[in-house]
Amino acid sequence: MIRRTAKFVALLAVSWVVMTFTHEVGHLIGGMICGATLTDYDLAPWRMPYSLHSPDPHPLITLWAGPILGVAIPLTIADVAQRRWVWFIADFCLIANGSYLALAWVSGDRFLDTPRLLDAGTHPAIIVVYCVLTIGIGYVWFRADCIYYLAGETNPKDGAIKSETDS
């Protein structure tokens with residue numbers, strides 16, 4: 001049980017680092033693609049990572065690239081790797097990115113992504129759809145991952161379609 005719990009905690013820590021890194025790198029890539037000028041950034045996962053672009057001719061691209069690539073990169077890697085622990089990380093990124101946008105909306109902090117997305121012209125329904133999809137799918141898949149690692153289940157439950165390889 002202690003070994004299983006230690007593995008679970010280690011996976012959560014790695015998942016957090018991957019999630020914050022891929023999300024913020026998404027903003028950096030989005031900014032580069034649309035010609036934004038990067039003025040400052042910090043990718044350290046133990047602080048709130050950020051990137052600042054000014055001027056940013058297409059802020060919607062820069063802003064949406066974070067949550068989109070923050071989900072797409074880990075899911076793509078998991079699909080290629082076909083390892084259970086990589087799916088755990090990807091599923092964490094899925095639910096965490098959606099939860100972040102939802103919680104940032106509730107907090108209203110003007111420096112977080114959701115208020116900035118709304119200020120840049122994103123229709124609130126787009127954010128709702130993103131949050132419902134990522135949190136909904138992420139919950140089902142991540143819950144199955146947690147059961148697998150904490151209860152020692154050999155088969156995922158709740159419709160998670162993943163490889164059973166755990167190495």
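# Notebook: cysteines, salt bridges, helices

I started with Cys-34, which counts as buried at 10% relative accessibility. The model I am reading is predicted.

**Cysteines.** I searched the whole structure for disulfides and found zero. I then looked up Cys-146, which is in no disulfide. The nearest cysteine sulfur to Cys-146 belongs to Cys-93 and is 13 Å away. The cut-off for a disulfide is a pair of cysteine sulfur atoms within 2.5 Å, so a pair at 13 Å does not count. Cys-146 is buried too, at 17% relative accessibility. I noted the cut-off here as well: buried means under 20% relative accessible area, so Cys-146 at 17% falls on the buried side.

**Salt bridges.** How many salt bridges are there? I count two.

I took the pair Asp-42 and Arg-47 to begin with. Their side chains meet in a salt bridge, at 2.7 Å from N to O. Asp-42 is buried, with a relative accessible area of 15%. Arg-47 is partly exposed, at 44% relative accessibility.

The other pair I looked up is Arg-84 with Asp-145, where the closest N and O atoms are 3.1 Å apart. This pair links distant parts of the chain, 61 residues apart: Arg-84 is in helix α3 and Asp-145 is in helix α5, residues 124-151. Are these two side chains buried or exposed? Arg-84 is buried at 0% relative accessibility, and Asp-145 is buried with a relative accessible area of 0%.

**Helix α1.** I checked the length of α1, residues 2-33. At 1.5 Å a residue its 32 residues should span 46 Å, and the end C-alpha atoms are 46 Å apart, so the two values agree. Just after α1, I found Gly-35 with a positive phi of about 85 degrees.

**β1 to α2.** Leu-43 sits in the loop between β1 (38-42) and β2 (50-53). At 24% relative accessibility, Leu-43 is partly exposed. I also took its C-alpha distance to Tyr-149: 28 Å in space, with their positions 106 residues apart in sequence. Further along, I looked at the peptide bond from Ser-54 to Pro-55, which is cis, with omega near 0 degrees. I made a note beside this entry that most peptide bonds are trans. Pro-55 lies in the loop between β2 and α2.

**Helix α2.** Helix α2 covers residues 59-81, 23 residues in number, and reaches 33 Å from its first C-alpha to its last. That is close to the 33 Å expected at 1.5 Å a residue. Where does α2 bend? I find a bend of about 35 degrees at Ala-65, with a proline, Pro-67, following within four residues. Pro-67 is itself in α2 and is buried, with a relative accessible area of 0%. The C-alpha atoms of Pro-67 and Ala-96 are separated by 9.5 Å, although their positions lie 29 residues apart along the chain. The buried residues of α2 include Trp-64, Ala-65, Gly-66 and Pro-67. Gly-70, Val-71, Pro-74, Leu-75 and Ala-78 are also among them.

**Between α2 and α3.** I looked up Gln-82, in the loop between α2 and α3. Gln-82 has a positive phi of about 50 degrees although it is not a glycine. Gln-82 is partly exposed, with a relative accessible area of 27%.

**Helix α5.** The 28 residues of α5 should span 40 Å at 1.5 Å a residue; the end C-alpha atoms are 39 Å apart, which agrees. α5 bends by about 30 degrees at Tyr-139. Among the buried residues of α5 I listed Ile-127, Tyr-130, Cys-131 and Thr-134. Phe-142, Asp-145, Cys-146 and Tyr-149 are on that buried list as well.

**Surface patch.** Which residues form a nonpolar patch on the surface? I find Trp-105, Val-128 and Val-132, with about 260 Å² of accessible area together. Trp-105 is in helix α3, residues 84-107. Patch residues need over 30% relative accessible area, so Trp-105, partly exposed at 33%, passes that cut-off.

Terms used
Residues are numbered from 1 along each chain as its sequence is written. This is a predicted model: local features need pLDDT of at least 70, side-chain atom pairs count only at pLDDT 80 or more; totals for chains, interfaces and linings use all residues. Side-chain values use heavy atoms; hydrogens and water are left out. Patches are made of residues with over 30% relative accessible area and no salt bridge: like charges are joined within 9 Å, nonpolar side chains (Val, Leu, Ile, Met, Phe, Trp, Tyr) within 5 Å. Accessible areas come from the Shrake-Rupley method with a 1.4 Å probe; for residues, only the protein chains shown count as cover. A salt bridge is a side-chain nitrogen of Lys or Arg within 4 Å of a carboxyl oxygen of Asp or Glu. Helices (H or I, at least four residues) and strands (E, at least two) are DSSP runs, numbered from the N terminus. Buried means under 20% relative accessible area, exposed over 50%, partly exposed in between (1.4 Å probe, protein chains only). The expected span of a helix is 1.5 Å times one less than its number of residues. The bend at a residue is the angle between axes fitted to the seven residues ending there and the seven starting there.
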